Amino acid sequence: MRALHHPDVASVTLPGMLNALADEVRLSVVRQLAEAGGVVCGQFDVPVSMSTLSHHLKVLREAGLLRVTPEGSFRRHELRLAEMEIRFPGVLTSILQAA
């Protein structure tokens, strides 16, 4: 598996982060990641096809919200909560509490 690009936290913008979270499916994915600590791609509980889920995960990763690491033949997705809290204190935590 080739390595995926993860934006540096300093380059993450608030509008970019909020735009990524504006979709109900992506918000659900972020909520599941916050609760589980990390999820292998096929284990998300969302009402979309795998290709659509892959698109949503890409949007979240490119917005800087996810870190994706290979785990065997799968990819593990983890929320970059601590990093986002440093960049935008309280924003993501507040969104997760309200969701």
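The following paragraphs lead the reader through this structure, from the whole chain to single residues.

The model is a predicted one. Its chain contains five helices and three strands. Read from the N terminus, these elements follow the order α-α-β-α-β-β-α-α. The chain has 99 residues and a radius of gyration of 13 Å, which agrees with the value near 13 Å that a compact globule would have. Along the principal axes, the C-alpha trace spans about 35 × 25 × 20 Å.

Several totals describe how the chain is packed and what its surface is made of. Buried residues account for 39% of the 99 residues. Among contacts with a separation of 6 or more, 60% are made by residues 24 or more positions apart. The accessible surface of the chain amounts to about 5,500 Å², and carbon and sulfur atoms contribute 54% of it. The chain carries 10 positive and 10 negative charges, and the mean positions of these two sets lie 7 Å apart.

Helix 3 is a suitable place to begin a closer reading. This helix comprises residues 50-62, which is 13 residues. From its first C-alpha to its last, helix 3 reaches 18 Å, close to the 18 Å expected at 1.5 Å a residue. Its buried residues are Leu-53, His-56, Leu-57, Val-59, Leu-60 and Arg-61. In general, an α-helix has 3.6 residues a turn, so residues three or four places apart point the same way. The cover over the buried residues of helix 3 includes two helices, helix 1 (14-21) and helix 2 (24-36). It also includes two strands, strand 2 (66-71) and strand 3 (74-79).

His-56 shows this burial at the level of one residue. It is located in helix 3. His-56 counts as buried because its relative accessible area is 7%, and the cut-off for burial is under 20%. Leaving aside residues up to four places away in sequence, His-56 touches Asp-23, Val-25 and Arg-26.

Just after helix 3 comes Gly-64, which takes a positive phi of about 95°. Gly-64 also offers a link to the beginning of the chain: its C-alpha atom is separated by 7.5 Å from that of Asp-8, although the two residues are 56 residues apart along the chain. Asp-8 belongs to the segment before helix 1. With a relative accessible area of 52%, Asp-8 is exposed, since the class of exposed residues begins over 50%.

The segment before helix 1 also holds Leu-4. Beyond residues up to four places away in sequence, Leu-4 touches Arg-61, Val-68 and Arg-75. Arg-61 is one of the buried residues of helix 3. Leu-4 and Met-17 are 13 residues apart in sequence, and their C-alpha atoms are 18 Å apart in space.

Strands 2 and 3 complete this account. Thr-69 lies in strand 2, and Phe-74 lies in strand 3. Which residues does Thr-69 touch, not counting those up to four places away in sequence? They are Phe-74, Arg-75, Arg-76 and Glu-78. Thr-69 counts as partly exposed, at 28% relative accessibility. Phe-74 is likewise partly exposed, with a relative accessible area of 49%. Each of these residues can also be placed relative to a histidine. Thr-69 and His-5 are 64 residues apart in sequence and 11 Å apart in space, C-alpha to C-alpha. Phe-74 and His-6 are 68 residues apart along the chain, with their C-alpha atoms separated by 17 Å.

How values were computed
Residues numbered from 1 in each chain as written. Predicted model: local features only at pLDDT ≥ 70, side-chain atom pairs only at ≥ 80, totals over all residues. Heavy atoms only, no water. Helix = DSSP H or I, 4+ residues; strand = E, 2+ residues; numbered from the N terminus. Rg over C-alpha atoms; globule rule 2.2 N^0.38 Å. Buried < 20%, exposed > 50% of the residue type's maximum accessible area, 1.4 Å probe, protein only. Contact = heavy atoms within 4.5 Å. Areas by Shrake-Rupley, 256 points an atom, 1.4 Å probe, with all protein chains shown as cover. Lys, Arg positive; Asp, Glu negative; His and termini not counted. Charge placed at Lys NZ, Arg CZ, Asp CG, Glu CD. Expected span 1.5 Å × (residues − 1).
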